[in-house]
Amino acid sequence: MPALDPATELPGSLRLTPSFPFVGRPRELTLLRSLMPRAGGEGRRLALLGGEAGSGKSRLVREFAHEAAGEGALVLYGGCDAVVRIPYQPVAEALTHLARVAEPDQLRDDLGAGGGELTRLIPDLAARAGPLPEPVTADQDTERHRLHQAVAELLVNASRRRPLLVILEDVHWADNPTLHLLRHLSRAAADARMLLVATFRDLEADVPAELSSALVDLRRTEGVVPIRLAGLTSGEIAELVGQAAGGDLGDELPRLAGSIHELTEGNAFLVIELWRALVETGALVAAGGRAHLTRPPQELATPDTVREVVTQRVARLGEETTAVLELAAVIGPEFDLAVLVSGTGRDEAALLGSIDLALRSGMVADVPERPLVFRFAHELVRRALYDRLPAPRRAELHLCAGEALEAGSPQPSARTLADLAHHFTAAAPLGGAERAVDYNLRAAEAATAALAFDEAALALRTALRLGIADERERAEVELALGVACYRAGRGSEALEAYRGVAAIARAAGNADLLARAAVGFENSCWRMAAVDAGALELLTEAAAMQGEEDSGRRVMVLSGQARACAFLGDHDRSARLRDESIEVARRLGDRRALATVLMRAYWARGTTGLDEILEMLTESRDLAAELGDIELQAEAMEWRISALIALGDLESARQELAEVYEMASRVGQPFIIHVAQHYRSTIALSDGRLAEAEETAERSFEWGRLLTGRDPTATYGVQMFGIRREQGRLAELAPVVRILAASKDQGGAWGPGLAVVLAELGMHDEARRELARVRRKGLIELRTGLWLASLVYLADAVALVGDDALATEVYTELLPSAGSIVTVGHGVACYGSADRYLGVVAATAGEREIARGHLEVALEVDRAMGAWTWLAHSQYALGKLLVEAGGNDRARGRRLLREAGSLAERIGMPTLLGRVRAEGGPAPRRPPPDGLSPRELQILRLVAQGLSNRDIGARLVVSEHTAANHVRSILRKTGCANRTEAAAYAYGRGLTAAPAGRE
């Protein structure tokens, strides 16, 4: 990208001419300079610049932006609106500037494959870059992820030409989509040669919950640097005053600077406002090249609030200028002359006279590149003017502003629609609600198109609150609200909206409307995993009103009923309704509906065997492929993987997983990627690749946190519980598990889980007390949670502490699972053959022959699966049983213990290895030197082979970042200065060859 004159290339907001000199901030400027990437290969950095209102954040980034532009960086800028939250506003402004200054050919190249997605943010992008595809229509998470990927790709590509400085101002006013995108860029744009600076007010009262959560995430991300902007020191105030005075203050300067610091605590905005007051009131006079104070600053009776500062200064400007500024404050941070003319009825010349006074006072400033457009010098000034207005006067001015804006916007943009909705809503007591309702509905449509579902829901709620007389129209708005809340991840609010629609539908006897409400209600319940009998009742009511006539709507009502019944445990009815929905879809010849209900068969499988469900999912997958619906195809394949794991066919699950992961990554489906990662963790744990299991569980959790309306914590907790058990690190989880087990809301499997933790840590008395507590409450209570997980945790615990009475109860409940594979949730965890658990509880209860039969089955099943982790456990359990029984089977028992020990050592299962040795198994091999973990030893071998971090990541299926972290740990533990020394270390200690079967 050719370099332009930095002064003309800077965004207009950064080209405002300051009326006061810039002083101080040497530490902050030095830090920002050090973060600015310049050379090729330097990656993305992110600075979080916080400070109180008026601390000088905007001025600091302006000065730094001018400096960076002068050195050849391309500066992009966007700010958040203090009044109306505009979806992705700061990012859209920044990218619009990028599109404006880029050459069209270069812009097309930089957009890559995601250019069409960016039209959601920049509707006229095609006018600059040429024809672009339409954005992909999909579920909300996929749409949002594709948009975020497109933004990251554009910034990465553009930064290859020149370093980028991207400034996002006032993110304490940012909408949720902007904060989600900021999180994404902190992770996904690592290759961008870019410094992203986000400014925000950091006082607790100014930090909303959404920003607080985002800051926690961002601060723990590599390459993110927090910067706190404190007040100016007395010395810095002296420097500012000395330059602004226009004369020599002599000995009075330190005293004046100290007084100003005492009165303002160094707040840059208040320092300047107080200085203006000194000059305007005659307290400071400059003459003859010297300046002197006519009275001490304290005698000005300096007000304690910004509002009083501004009120005093406005009063000195006169009534006409005050009236203009009050209307401007209602319009927003920026305002243009045309709107002021329309809103006040005064001619341009008179208005320009008033604005000139405001400009000279420093309360407003010109906006470069936008003739006759102005902005307040600081949001504190605008807010102080607005807050002093009486409520009736505010409504009157909002009406003036709205009508003026409406007259000048025959085809309003999404931004203008949001402003019009804001003004006419505030003016509703005077101007009526009709226009406010209309503009809120149109603003909601625009927000939905921009994937800003929270803002869409807010606008829809406002329209409903203002009043919609027509019941059918109100119902449609309620339906739209339900969809917006659902897509924003606000499930309970979506349910409330659908209930409202259902009430209207009943009163009107409208079957179609009731069906739409019922389907939306059930879908919201399913999304947030809410077991709500209301969904089934509503769907049943809708089905009765629909009648028996085949229709696409009836297919979805029946399918929803089937899924709702399954959630409530009515599996026979679930299967019948599922089959009926499939039959109706077949009769209609609706292949898409058929593919959808066949895919849902996994959730409504009832008592149907997994083999039959797998056939349905296969048909769904194939139909979706024929229809070209990659998302539906990927989802059907996702549930096929879960079914394959439950059937013990890990090899087929691995093959399908590789394909579905590639598809989901290609089209950007976060939900599918999240689930695929937890499948990878489940399979890796079964395979004995514990480090990979941990890494993929972490990645699944991170992807899950990007999803709306879902909390991945439970899935992550179950996975890490299983991984830490095998790693011998359960002690790390003991406090958390104890808290969860004691919680009324988080009971379920965590009580049995705590018993396992205590037993494995050797705290057998405590484990027995926990088991006694579980038994007193009754096993039936565990059915409401993860039932099978609860049983297998109990099986392990009773075996470790020898609770034969509870072992008998657990055996009875587990017996129906004989011959099956233990899976938790939907592929969240796989613990191998259920017969192993039946065997260990039978042995604990003294039923050795029964136990042996189960353990022989487990041995066969786990070996056939290739589930080496669980095979090691089965070998140990059967080997221990045979050795204890004595006789002819003792030799085989010892062989099984040796095999279990070999597997446990190879995989890295210290707890099981300790048990094997306690039974007379093999002694351990020499551990890796210098405290290296098995994973680090594996990576050290690859370093010795000359592989880069990127190559190591590709070989081990981990991120380059993860590989780099391991290499840093290896260098630290071994005392090596670099990779070359690490390779010599590996060769010198004979660590370059992996044991058989490890790699």
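**Exercise 1. Determine with which handedness helix H40 passes helix H41, and describe the contact of H40 with H41**.

H40 crosses H41 in a left-handed manner, a crossing being left-handed if the near helix is turned anticlockwise from the far one by less than a right angle, and right-handed if clockwise. The model is predicted, so that local features need pLDDT of at least 70 and side-chain atom pairs count only at pLDDT 80 or more, whereas totals for chains, interfaces and linings use all residues. Residues are numbered from 1 along each chain as its sequence is written, and side-chain values use heavy atoms, with hydrogens and water left out.

Step 1: the axes of H40 (residues 787-801) and H41 (residues 804-814) come within 10 Å and cross at roughly 145°, where axes are lines fitted to C-alpha atoms, for helices over the stretch in contact, and angles run from 0 to 180 degrees between N-to-C directions. Helices (H or I, at least four residues) are DSSP runs, numbered from the N terminus.

Step 2: Trp787, Leu788, Leu791, Leu794, Ala795 and Val798 of H40 meet Leu806, Ala807, Val810, Glu813 and Leu814 of H41, contact meaning heavy atoms within 4.5 Å. By class, this contact has 10 nonpolar, no polar and 1 charged residues; Ala, Val, Leu, Ile, Met, Phe, Trp, Tyr, Cys and Pro count as nonpolar, Asp, Glu, Lys and Arg as charged, and the others, Gly among them, as polar.

**Exercise 2. For helix H39, compare the span with the expected value and locate the buried and exposed residues**.

Step 1: the 14 residues of H39 (residues 764-777) reach 20 Å from the first C-alpha to the last, close to the 20 Å expected at 1.5 Å a residue, the expected span being 1.5 Å times one less than the number of residues.

Step 2: Ala767, Glu770, Leu771 and Val774 are buried in H39, that is, under 20% relative accessible area, with exposed meaning over 50% and partly exposed in between (1.4 Å probe, protein chains only). These residues cover an arc of only 100° around the axis, which puts them on the same side of H39; the arc is that of the directions from the helix axis to the C-beta atoms.

Step 3: on the face of H39 turned away from its buried side lie the exposed residues Asp765, Arg769 and Arg776. Glycine 778, which follows H39, has a positive phi near 95°.

**Exercise 3. Establish how many residues of helix H44 are buried, and what follows the helix**.

Step 1: H44 (residues 868-885) has 18 residues and reaches 25 Å between its first and last C-alpha, close to the 26 Å expected at 1.5 Å a residue.

Step 2: because 14 of the 18 residues of H44 are buried, the helix is largely enclosed by the rest of the structure. Just after H44, glycine 886 takes a positive phi of about 75°.

**Exercise 4. Place aspartate 139 and leucine 451 in their loops and give their surroundings or backbone phi**.

Step 1: aspartate 139 is in the loop between helix H7 (125-129) and helix H8 (140-159) and is partly exposed, with a relative accessible area of 28%.

Step 2: not counting residues up to four places away in sequence, aspartate 139 touches Arg487 and Glu631. Aspartate 139 and phenylalanine 671 are 532 residues apart in sequence, yet 9.4 Å apart in space, C-alpha to C-alpha.

Step 3: leucine 451 is found in the loop between helix H22 (434-449) and helix H23 (453-466), is buried with a relative accessible area of 3%, and has a phi near 65°, a positive value in a residue other than glycine.

Notes. Helix = DSSP H or I, 4+ residues; strand = E, 2+ residues; numbered from the N terminus.
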